[in-house]
Amino acid sequence: MASRQTERRPRWWPPFSEWFEDLPLDLRPGSEHMIRVEESREEGAYMVKAELPGIDPDTDLDVTVEDGLLTVHAERSEEQADKQRSEFRYGSFTRSVQLPTGVDEDDITASYDSGVLTVKAPMQPVARSEPHRIAVTRKS
């Protein structure tokens with residue numbers, strides 16, 4: 001029977017898993033990107049949803065598209081204060097997503113609700129050509 005090792009740490013010392021809870025998501029260990037996104041295709045459109053809690057979309061958010069690349073840039077500053085201490089968090093966050101072929105860049109729309117940015121990019125059907133043989137000439 002394997003013996004179970006008991007955890008030896010002072011009661012006031014938090015478990016390791018809780019050490020990073022107060023860090024912004026982008027600074028926590030294991031964070032791959034500063035802005036988490038979800039990409040999907042729905043009803044003839046390419047959809048991108050991005051988690052951006054705690055920002056004001058009128059002043060802190062910039063969404064651009066250029067040459068098939070959608071870029072989301074946000075800046076956040078947050079301050080919390082109570083009688084004994086104050087804490088502030090701030091940062092600049094950027095994420096770019098390559099749009100698929102057929103997206104109409106002039107008709108892209110974006111909305112922000114409850115900390116989630118939703119970008120809708122209508123897609124035009126892409127005409128596919130039939131495969132054809134290409135002659136190869138030999139140079140002597």
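This is a dialogue on how to read strands, pairing, burial and contacts in a predicted model.

User: Where do I start: how many helices and how many strands does the protein chain have?

Analyst: Start with the secondary structure. The model is predicted, and its protein chain has zero helices and seven strands. Along the sequence the pattern reads β-β-β-β-β-β-β.

User: How do I read a sheet, and which order do the strands of the open sheet have?

Analyst: The general idea comes before the case. Strands of a sheet pair through backbone hydrogen bonds, in either a parallel or an antiparallel way. In this structure, four strands form an open sheet in the order E1-E2-E7-E6, and the pairing is antiparallel. Strand E1 (37–42) and strand E6 (109–113) are the edge strands, each pairing on one side only. From one strand to the next, the twist averages 20°.

User: How many bridges hold E6 and strand E7, and which residue of E7 stands opposite aspartate 113?

Analyst: E6 and strand E7 (residues 116–122) pair over five bridges in the antiparallel sense. Valine 116 in E7 stands opposite aspartate 113.

User: What should I look at in the loop between E6 and E7?

Analyst: Look at the backbone angle of serine 114. Serine 114 is found in that loop, between E6 and E7. Its phi is positive, about 50°, although serine 114 is not a glycine. Serine 114 is exposed, because its relative accessible area is 68% and the cut-off for exposed is over 50%.

User: Which residue takes a positive phi in the hairpin of E3 and E4?

Analyst: Aspartate 67 does, with phi near 50°, in a hairpin that has two residues between the strands. Aspartate 67 lies in the loop between E3 and E4. The residue is other than glycine, and its phi is positive. Aspartate 67 counts as exposed, since its relative accessibility is 69%.

User: How do strand E3 and E4 run, and how many bridges join them?

Analyst: Strand E3 (residues 61–66) and E4 run antiparallel, joined by six bridges. To place one pair on the structure, take valine 63: its bridge partner in E4 is valine 72.

User: How do I read side chains along a strand?

Analyst: In a regular strand the side chains alternate between the two faces of the sheet. Burial is then checked residue by residue.

User: Is threonine 71 buried or exposed, and what does threonine 71 touch?

Analyst: Threonine 71 is in strand E4 (residues 69–81). It counts as buried because its relative accessibility is 18%, and buried means under 20%. Leaving out residues up to four places away in sequence, threonine 71 touches Asp62, Val63, Thr64, Thr94, Arg95 and Ser96. One of these also makes a polar contact: the side chains of threonine 71 and serine 96 are joined at 3.0 Å.

User: Is serine 77 buried or exposed?

Analyst: Serine 77 is also found in strand E4. At 63% relative accessibility, serine 77 counts as exposed. For a pair of positions to inspect, serine 77 and serine 92 are 15 residues apart in sequence, with 9.0 Å between their C-alpha atoms.

User: How do I find the core, and which residues touch the most other members?

Analyst: Look for nonpolar side chains that are buried and touch one another. The largest nonpolar core has 18 residues; Ile35, Tyr46, Leu52, Leu61, Val72, Val103 and Leu117 touch the most other members. Strand E2 (45–51), E4, strand E5 (86–98) and E7 each give two or more residues to this core.

User: What is in contact with isoleucine 35?

Analyst: Outside its neighbours within four places in sequence, isoleucine 35 is in contact with Ala50, Glu51, Leu52, Val72, Phe93, Thr94 and Arg95. Follow the contact to alanine 50, which is found in strand E2. Alanine 50 is buried, as its relative accessible area is 3%. Residues touching alanine 50, again beyond four places in sequence, are Ile35, Arg36, Val37, Gly115, Val116 and Leu117. Alanine 50 and valine 72 are 22 residues apart in sequence and 8.6 Å apart, C-alpha to C-alpha.

User: What percentage of the protein chain is buried?

Analyst: Of its 140 residues, 21% are buried. The accessible surface comes to about 11900 Å², and 47% of it belongs to carbon and sulfur atoms. Among contacts between residues at least 6 apart in sequence, 45% join residues at least 24 apart.

Terms used:
Residues are numbered from 1 along each chain as its sequence is written. This is a predicted model: local features need pLDDT of at least 70, side-chain atom pairs count only at pLDDT 80 or more; totals for chains, interfaces and linings use all residues. Side-chain values use heavy atoms; hydrogens and water are left out. Buried means under 20% relative accessible area, exposed over 50%, partly exposed in between (1.4 Å probe, protein chains only). A polar contact is a pair of N or O atoms within 3.5 Å; within protein, one must be able to donate a hydrogen and the other to accept it, and residues adjacent in sequence count only if both atoms are side-chain atoms. Contact means heavy atoms within 4.5 Å. Two strands pair if DSSP finds at least two bridges between them. Accessible areas come from the Shrake-Rupley method with a 1.4 Å probe; for residues, only the protein chains shown count as cover. Axes are lines fitted to C-alpha atoms, for helices over the stretch in contact, and angles run from 0 to 180 degrees between N-to-C directions. A nonpolar core is a set of buried Ala, Val, Leu, Ile, Met, Phe, Trp, Tyr and Cys residues joined through side-chain atoms within 4.5 Å.
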